[in-house]
Amino acid sequence: MAKQKKSDSSDKGQTAEKSKGVFDFNGGWDYSPSPESTGHVKLKERYELYIDGKFVAPDSGKYFRTTNPATEKVLAEVAHANEADVDKAVSAARKAYETVWSKLSAKERGKYIYRIARLMQERARELAVVETLDAGKTIRESRDVDVPLACNHFFYYAGWADKLEYAFPNRKVSSLGVAGQIIPWNFPLLMAAWKIAPALAAGNTVVLKPAETTPLTAMLLAEIIHESGLPAGVVNILTGYGDTGAAIVNHPDINKIAFTGSTNVGKIIQKAVAGTGKKLTLELGGKSANIVFEDAPIDQAVEGIVNGIFFNQGHVCCAGSRLFVQESVAEEVIRKLKDRLDTLYVGDPLDKNTDIGAINSKEQYESIKKHIEIGKKEGAEIYESKCLLPKNGLFIRPTLFTDVAQSSRIAQEEIFGPVLSIQTFRTIDEVIQKANNSPYGLAAGVWTDKGSRIFNLTTKLRVGVIWANTYNKFDPTSPFGGYKESGFGREGGLHGLGAYLKIER
Ligand code: NDP
């Protein structure tokens, strides 16, 4: 069944217009609304900091609000941690590291991590709904991607906790101490899992700060961790603004910083950490190339392009935001892509039929809009989906640009929204040059029938992850990370474990 826009009933007349094709799928077919229930979710009015196994008020007494970007209504208040709170949390993490966590057998550590994973599974529906409310991402994605993957990370690393000497054979491995972890707003729970699970498996303790616009699932995770009986101080979770993150980065008693976020803040952190001896991993932005050759299965490639750029409203560091299509099939691919754009549902993120939810924050909304205007001014041709948008909330139509110049800002800068720039190419050498002509180097997609071409490209594209005939596939066992301005270090898999260990010969 072809999907129709459901935001407004006035739309029906417009879509009922007869097409000239044999089948008229536009004749009033529609999905009934299918909103996920929020009845089982009881948000607190106020969330405190989680320090040393207790939920405590912030030193400053200050709180800030977190809102639902789909309605712009306030969901809850969360605490703003300052330097004194960071100091308390780091002291608690140090004490827990020295007196409990590093003394515990690896097998026991693994059991705690496993227990956290099971408790997350038990509260999976609640976690998915809260993630959707706080972040604006669709319930389909939070339910089927974010939450299961977050659980999988804990399960996966629970298994490694007592096998570190097998993970790195013939090496001497030891934990680092206290890890400071700062995460962004695009995958709040999943990023917390990417950070906390390997840190604990490697025997470290943790101070984690979620992003200011999406703190709620991190606070639910704090409740889960508390319920798991994890010894006090092993994991501390502090909500706050950039100053809270900076206080973690600059704290002298931290041994490792793991940061995911913008390249600008990553550079500030790299400078702050230089010369301190703190181990550092940075997972920053991207402008990834999705490359379609003429022998690719075109219909599948179109789905892959849609998934690559519109998954999570395009708020994905590895989003396939630069599409390169071989000239001989460009007309067909772009035509099919435009048709597909018109079938995408943009609207209530809690509705199970919605493909594209709300933009995470007003600031991000303005930034995406600004880039769309830049694209138009630079002379690229814009195509926006014809869908209607909800009257309230932060929504942007899926958008693509053709006739994009290599030097254009929309081809060079990370937009972090549902906006695709399309370029064409004739030869493999040309597309390698164009794809590598970016300050970033996080990911790429290659669509072709030829295995040899895929292997050729994987050695020549300067990026960390390359997907072949698919896109945005994540797995706890495989490493993820970039080159150049996309950062350094890897998360996931054995590489992700190694980032939390001292490894000696
Ligand atoms: P930031 O890099 O500003 O935020 C990421 C995290 O770092 C947040 O928890 C933030 O806190 C914290 N932070 C901010 N300033 C500092 C600092 N000086 N020291 C330590 N921590 C700090 O990203 P934004 O959320 O503002 O997003 C802006 C852009 O970043 C996006 O448009 C996108 O291009 C990119 N981005 C990339 C991501 C990725 O996955 N690679 C993820 C998110 C964003 P707070 O939330 O309170 O500001």
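This is a short tour of the ligand site and of two helix pairs, with selections to make as you go.

Before you click, note that this is a predicted model, where local features need pLDDT of at least 70, side-chain atom pairs count only at pLDDT 80 or more, and totals for chains, interfaces and linings use all residues. Residues are numbered from 1 along each chain as its sequence is written, and side-chain values use heavy atoms, with hydrogens and water left out.

**Stop 1: the ligand**

Select the ligand and show what surrounds it: you should get 27 residues, counting any with a heavy atom within 4 Å. The closest are W185, E212, S262, L284 and E414. Colour the shell by class and you'll find 14 nonpolar, 9 polar and 4 charged residues. Here Ala, Val, Leu, Ile, Met, Phe, Trp, Tyr, Cys and Pro count as nonpolar, Asp, Glu, Lys and Arg as charged, and the others, Gly among them, as polar.

Now look for polar contacts (pairs of N or O atoms within 3.5 Å). Pick Q364: a polar side-chain atom there lies 3.2 Å from a ligand oxygen. On N186, a side-chain N or O atom sits 3.4 Å from an oxygen of the ligand. At G240 it is a polar backbone atom that lies 3.4 Å from a ligand oxygen. The protein covers 84% of the 850 Å² of accessible area that the ligand has on its own (Shrake-Rupley method, 1.4 Å probe).

Next, show α9 (242-250), β10 (256-260) and α10 (263-273), the elements that give two or more residues to the shell. The largest share, 3 residues, comes from α9. Helices (H or I, at least four residues) and strands (E, at least two) are DSSP runs, numbered from the N terminus.

**Stop 2: α7 against α8**

Select residues 188-201 (α7) and 216-227 (α8): their axes come within 8 Å and cross at roughly 50°. Axes are lines fitted to C-alpha atoms over the stretch in contact, and angles run from 0 to 180 degrees between N-to-C directions. That makes α7 oblique to α8. For the contact (heavy atoms within 4.5 Å), show P188, L189, A192 and I196 of α7 with T217, L221 and I225 of α8. By class that is 6 nonpolar, 1 polar and no charged residues.

**Stop 3: α7 against α5**

Keep α7 and add α5 (residues 139-160), where the axes come within 9 Å and cross at roughly 5°. These two are therefore roughly parallel, the label for angles under 35 degrees. Among the contact residues are H153 and F154 of α5 and W194 and P198 of α7. The class count is 13 nonpolar, 1 polar and 1 charged.

Terms used
Angles under 35 degrees count as roughly parallel, over 145 as roughly antiparallel, 65 to 115 as roughly perpendicular and the rest as oblique. A polar contact is a pair of N or O atoms within 3.5 Å; within protein, one must be able to donate a hydrogen and the other to accept it, and residues adjacent in sequence count only if both atoms are side-chain atoms.
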